[in-house]
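Notebook open, structure viewer up. I want to go through the helices and the core and jot down what I find.

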Amino acid sequence: MSSSSSHSDLKTLLDSARPFLRGELESVNERLPSLVRSYARLARESAGTSTVPSSTTSSTSTESSSYGEPKTQFAFLASSTLPTPTPMSTSPSSTPPRGATSFRDTWVKPPREEAWRKKVRSLVPANGIVVKQIKTGEDVVVSRRLEPGDGKPGLWMSSISRMGALYSLLVREEAIFGEERKRVGGEKVDEDRDEDLELVIPPVFENCTRVLDAGEQIKARDLYWEAVCDSSKRGLERAEELLLSCVEKNPFVGEPHVVLGQLYLSKGRFEEAEREAEKGLTLILQWGSPWDKRMSWEGWISWARVLLMKAKEKSWPRTSWGIINLGLIK
């Protein structure tokens, strides 16, 4: 792919993502904001809360950002279901009330403590969650102390890639059905088969033409995790090796490319940094959801754009103040 074509594709992706980044969902489809609100309401009801967004914030933008990765997934347990301390006194005095040795003594357990504990246990039992072993079907108890996990990216991409490959074949066969119908004079769309629905192939996995091996997926994830967690101990050279091996085994996610771009920037290798930052940004935009969920989709896009901008400028800050000012509008 030529450089000009690559830049054009990236601009198109950014233009497509902008309504989601800005919370302007109605510009995508006038019914989309109400759909997001409906999903958010269902998520709150399933979590046993009826909290509504602040009146000072757009309800659509609040719900779409608070209840999931960009407008597609929603949190299972809202924070409002958790207890918060309630002060006994609202006195503005700078000293603790009489009989208390510190302000800590003026805080008490919230009312209905047992109610929230019962709700939590109904969602995540104290003894853990029973799940089925994926191959044998046997019951396996997973301790709730493992939740929410170690923060590693999930191992779901291999399955998604196989689903995408199957979907692309279905799209091809549906096109054959349409051509066969036209040859016998059947121009009318068969709505009983939902032929009025447009079948769109997602751009991920090279337009659903590639399948990610399950074993390679695990190796790539572990290489990435070692690179981002142990780089301070092992050094940048080792981190570069790990990231290059990661993207070789799993070239379909953007975050490793973004981190690699940042590493190249710190070394002054600006052309390589630009290539990796652009590749990572493109992939993250295509997915519409982060692979490394320690940072939001919007956050990854913002950071990748900053890296791409600095790579094109062929500059990278060498001081903490310079890092703080990254992204500053000139």
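**Before I start.** I count two residues as in contact when heavy atoms lie within 4.5 Å. With that cut-off, I can ask what covers the buried side of a helix. I also keep in mind that this is a predicted model.

**Entry 1, helix H5.** I looked up what lies over the buried residues of H5, and the cover includes helix H6 (204–208), helix H7 (214–234) and helix H10 (270–287). The buried residues themselves are Met-157, Ser-158, Ser-161, Gly-164, Ala-165, Ser-168, Val-171 and Gly-178. I then checked the length: H5 runs over residues 157–183, and its 27 residues reach 39 Å from first C-alpha to last, close to the 39 Å expected. Just after H5, I found Gly-185 with a positive phi of about 90 degrees.

**Entry 2, Gln-217.** Next I picked a residue in helix H7, Gln-217. Is Gln-217 buried or exposed? Gln-217 has a relative accessible area of 7%, so I log it as buried. Its side chain reaches the backbone nitrogen of Met-157 at 2.8 Å. Leaving out residues up to four places away in sequence, I get Leu-155, Trp-156, Met-157, Ser-158 and Leu-212 as the residues Gln-217 touches. Two of the names there, Met-157 and Ser-158, are also on my list of buried H5 residues.

**Entry 3, the core.** I pulled up the largest nonpolar core, which has 42 residues. Which of them touch the most other members? I noted Met-157, Phe-205, Tyr-224, Leu-243, Leu-265, Leu-281 and Leu-285. Helix H1 (3–22), H6, H7, helix H8 (236–249), helix H9 (255–266), H10 and helix H11 (297–313) each give two or more residues to this core. H11 gives the most, with eight. The core also takes at least three residues from each of domain 1 (155–211) and domain 2 (214–325). As a general reminder to myself, nonpolar side chains tend to be buried together in soluble globular proteins.

**Entry 4, Tyr-224.** I followed one of those core residues further. Not counting neighbours within four places in sequence, Tyr-224 is in contact with Pro-153, Leu-243, Cys-246, Glu-255, Pro-256, Val-259, Trp-291, Asp-292, Arg-294 and Trp-300. Glu-255, Pro-256 and Val-259 turn up again among the buried residues of H9, and that took me to the next entry.

**Entry 5, helix H9.** How many of the 12 residues of H9 are buried? I get 10, so H9 is mostly covered. Besides the three above, the buried ones include His-257, Val-258, Leu-260, Gly-261, Leu-263, Tyr-264 and Leu-265. Their cover includes H7, H8, H10 and H11. The end C-alpha atoms of H9 are 17 Å apart, which agrees with the 16 Å its residues should span at 1.5 Å a residue. After H9 comes Gly-268, and its phi is positive, near 75 degrees.

**Entry 6, Val-36.** I moved to helix H2 (residues 32–46) for Val-36. Val-36 is buried, with a relative accessible area of 2%. Its C-alpha is 9.0 Å from that of Leu-25, which sits 11 residues away along the chain.

**Entry 7, whole chain.** Last, the overall tally for the protein chain: 12 helices and four strands. Of its 330 residues, 31% are buried. The accessible surface comes to about 21300 Å², and carbon and sulfur atoms hold 54% of that.

Conventions. Residues numbered from 1 in each chain as written. Predicted model: local features only at pLDDT ≥ 70, side-chain atom pairs only at ≥ 80, totals over all residues. Heavy atoms only, no water. Expected span 1.5 Å × (residues − 1). Buried < 20%, exposed > 50% of the residue type's maximum accessible area, 1.4 Å probe, protein only. Polar contact = N/O pair within 3.5 Å; in protein donor to acceptor, adjacent residues only side chain to side chain. Areas by Shrake-Rupley, 256 points an atom, 1.4 Å probe, with all protein chains shown as cover. Core = buried A, V, L, I, M, F, W, Y, C linked by side-chain atoms within 4.5 Å. Domains from an automatic or database assignment.
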